[in-house]
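Here are my notes for you, jotted down in the order I went through things. Have a look at the picture first, then read on.

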Amino acid sequence: RTFNSSGCLLYFEQNPQELMITDAQKKQYMEEGYFILESAIPEEHLEILRTACDYLIDGMHAEMDRLGTDHIHISHRGKRYHIAKKFDQAPRLSEFVFSELMADICRATIGSEAFLMYDQYVVKAAEKGMPFSWHQDSGYLGFSHRPYVTCWCAVDDMTIENGTVYAMPYSTIGIKSLVEHIRDPITGDKAGYFGHEPGVAAIVPAGSVVVLSSLCFHRSGRNTTNKMRRAYVTQYAPEVIRKPGETEPFHLAVPFLRDGMQLIHQ
């Protein structure tokens, strides 16, 4: 534990015995671009994710009403919601974003330095949820950068029927680098793979985490059930990501790990 001159705790190092990530999972991340942690999110944090999701959807509906539209960026009222960069605007959501679980994942994937780069809810409405095209998360940046890690967190039980995420192993697609993506003018999606490989479906219970490299292709299906399907996504980078020639961060740049030690966020 490290304190400042006023005696305030700045950061601490977690007991290595508490780490959840196995060597086999680290190897799979390096060789295939992803791994899955089933039922890893504590029940208290899972409830925080559900409450925050409802809160932020209500806020997006209010913004759509204000603008007189049913479509903001790639969110469509009653069909699909992508609510981004609100980790500090929903009750207690930052507790999960900067939790020990997320720190464990960052250490196992991107190393000892980590910054929260992005967060978003990805929600598909009952019987209306739209699919999401094959893409690399890095494809949404549009410039060269160090790969980062995406934590796709199942807020509900995930099935093929409700549109779970699919990961494409590196060994299947033969791609481990950033490729050009094309934006769909109707949905706003970007896509970088148009082949017929099915990928690996994450059929997992609520509280599971699908850990993806930003270079790993993934997609999600349509929600054909009568219940909403909610996922929460956090992304952590090994450095502050900026567009070439710019000084401001491209998205967020909230320090999380320093020399492998977890910073405290009040």
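What follows is a set of numbered points on helices, cores, cysteines, salt bridges and one sheet.

1. First things first: this is a predicted model. Please read every number below as computed from that model.

2. Let's start with helix H2, which covers residues 43-67 and so has 25 residues. From its first C-alpha to its last, H2 reaches 36 Å, close to the 36 Å expected at 1.5 Å a residue. Just after H2 comes glycine 68, which takes a positive phi of about 70°.

3. Which residues of H2 are buried? They are His45, Leu46, Ile48, Leu49, Ala52, Cys53, Leu56, Ile57, Met60 and Met64. If the spacing of that list looks familiar, here is the general background: an α-helix has 3.6 residues a turn, so residues three or four places apart point the same way.

4. Now the nonpolar interior. The largest nonpolar core has 46 residues, and Ile105, Tyr121 and Tyr236 are those with the most contacts inside it. H2 supplies the largest share of this core, with 8 residues. A second core, separate from that one, has 16 residues, including Tyr34, Ala154, Val165 and Tyr170.

5. Isoleucine 105 is worth clicking on. Leaving out residues up to four places away in sequence, isoleucine 105 touches Ile21, Leu37, Val149, Cys151, Val209 and Val211.

6. Valine 97 is another one to look at. Valine 97 sits in helix H3, residues 93-97. Is valine 97 buried or exposed? Buried: its relative accessibility is 0%. Setting aside neighbours within four places in sequence, the residues in contact with valine 97 are Phe87, Met102, Leu116, Tyr232, Thr234, Tyr236 and Phe256. Tyr236 in that list is also among the residues with the most contacts inside the largest nonpolar core. As for methionine 20, the C-alpha to C-alpha distance from valine 97 is 17 Å, and the two are 77 residues apart in sequence.

7. On to the cysteines, since somebody will ask. How many disulfides does a search of the whole structure find? The count is 0. Take cysteine 53: the closest cysteine sulfur, in cysteine 153, is 12 Å from its own sulfur, and that is too far for a bond because a disulfide needs the two sulfur atoms within 2.5 Å. Cysteine 216 is in no disulfide either, and the nearest cysteine sulfur, that of cysteine 151, is 13 Å away. Cysteine 53 counts as buried at 1% relative accessibility, and cysteine 216 counts as buried at 0%.

8. Salt bridges next; the structure holds 11 of them. One joins glutamate 43 to arginine 50, with the closest N and O atoms 3.8 Å apart. Here glutamate 43 is exposed, at 54% relative accessibility, while arginine 50 is partly exposed, at 21%.

9. Another salt bridge brings together the side chains of arginine 92 and glutamate 95, at 2.8 Å from N to O. Both ends count as partly exposed: arginine 92 has a relative accessible area of 41%, and glutamate 95 is at 36%.

10. The pair I'd look at longest is aspartate 156 with arginine 230, whose side chains meet in a salt bridge at 2.6 Å, N to O. Aspartate 156 lies in the loop between strand S9 (149-154) and S10, whereas arginine 230 is in strand S16 (residues 229-237), so the pair ties together parts that are 74 residues apart in sequence. Aspartate 156 is buried, with a relative accessible area of 13%, and arginine 230 is buried, also at 13%. Elsewhere, salt bridges that share partners join Glu44, Arg92 and Glu95 into one network.

11. Last, a sheet. Four strands form an open sheet in the order S8-S15-S10-S13, with antiparallel pairing. Strand S8 (132-135) and strand S13 (200-201) are at the edges with a single partner strand each, so one side of each has no neighbour in the sheet. S10 (residues 165-167) and S13 run antiparallel and are joined by 2 bridges. In one of the pairings, alanine 167 has valine 200 in S13 as its bridge partner. For background, strands of a sheet pair through backbone hydrogen bonds, either parallel or antiparallel.

How values were computed. Residues are numbered from 1 along each chain as its sequence is written. This is a predicted model: local features need pLDDT of at least 70, side-chain atom pairs count only at pLDDT 80 or more; totals for chains, interfaces and linings use all residues. Side-chain values use heavy atoms; hydrogens and water are left out. Buried means under 20% relative accessible area, exposed over 50%, partly exposed in between (1.4 Å probe, protein chains only). Contact means heavy atoms within 4.5 Å. Two strands pair if DSSP finds at least two bridges between them. The expected span of a helix is 1.5 Å times one less than its number of residues. A salt bridge is a side-chain nitrogen of Lys or Arg within 4 Å of a carboxyl oxygen of Asp or Glu. A nonpolar core is a set of buried Ala, Val, Leu, Ile, Met, Phe, Trp, Tyr and Cys residues joined through side-chain atoms within 4.5 Å.
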